[in-house]
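User: I've got a model open and would like to go through its fold with you. Can we take it question by question?

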Amino acid sequence: MTTAIIDCRFCIDTNMPAGRDEDMGELFERCPVCTQPCPRCDGIAVYPANYNTPFELAADLAVLRLAPVFCMGCTGVVALAPLAAWEDLP
Ligand SMILES: [Zn+2]
Ligand SMILES: [Zn+2]
């Protein structure tokens, strides 16, 4: 017999602490124990805990000349890309 509610001892609501990043702060990842890995990024995406929306994250990273690369499957951040500023363009 299975129940719909999984009481996982590794995470809180499928969010598992994933350390911190010097640019993005505290990070969470999808718990690999009780969730299926995202088929697009294989579960490598992380979720910055300090930001409620991707736009806030993008705005803060823009100051550092970085741009978050989001996974289209799970909306997590899979990479940080250097942001080409308009003034750098020829
Ligand atoms: Zn879990
Ligand atoms: Zn993903």
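Below are a few questions on the fold, the core and two loop residues.

Analyst: Quick note before we start: this is a predicted model, where local features need pLDDT of at least 70, side-chain atom pairs count only at pLDDT 80 or more, and totals for chains, interfaces and linings use all residues. Residues are numbered from 1 along each chain as its sequence is written, while chains are lettered from A and ligands numbered from 1 in the order in which they are written.

User: In what order do the elements of the chain run from the N terminus on?

Analyst: Elements here are DSSP runs, numbered from the N terminus: helices are H or I with at least four residues, strands E with at least two. The chain has one helix and five strands. From the N terminus on, the order is β-β-β-α-β-β.

User: Which elements each supply at least two residues of the largest nonpolar core?

Analyst: That core has 10 residues, among them Tyr 47, Leu 57 and Cys 74. A nonpolar core means buried Ala, Val, Leu, Ile, Met, Phe, Trp, Tyr and Cys residues joined through C-beta atoms within 7 Å. The elements that each give at least two residues are β3 (46-48) and α1 (54-63).

User: Is Asp 42 buried or exposed?

Analyst: Asp 42 sits in the loop between β2 (25-30) and β3, and its phi is near 65°, positive although the residue isn't glycine. Buried takes 20 or more other C-beta atoms within 10 Å (backbone-placed), exposed 12 or fewer, and partly exposed is in between. Because Asp 42 has 11 of them within 10 Å, it's exposed.

User: What is phi of Thr 75 near?

Analyst: Thr 75 lies in the loop between β4 (66-70) and β5 (77-82). With 11 C-beta neighbours inside 10 Å, Thr 75 counts as exposed. Its phi is positive in a residue other than glycine, near 60°.
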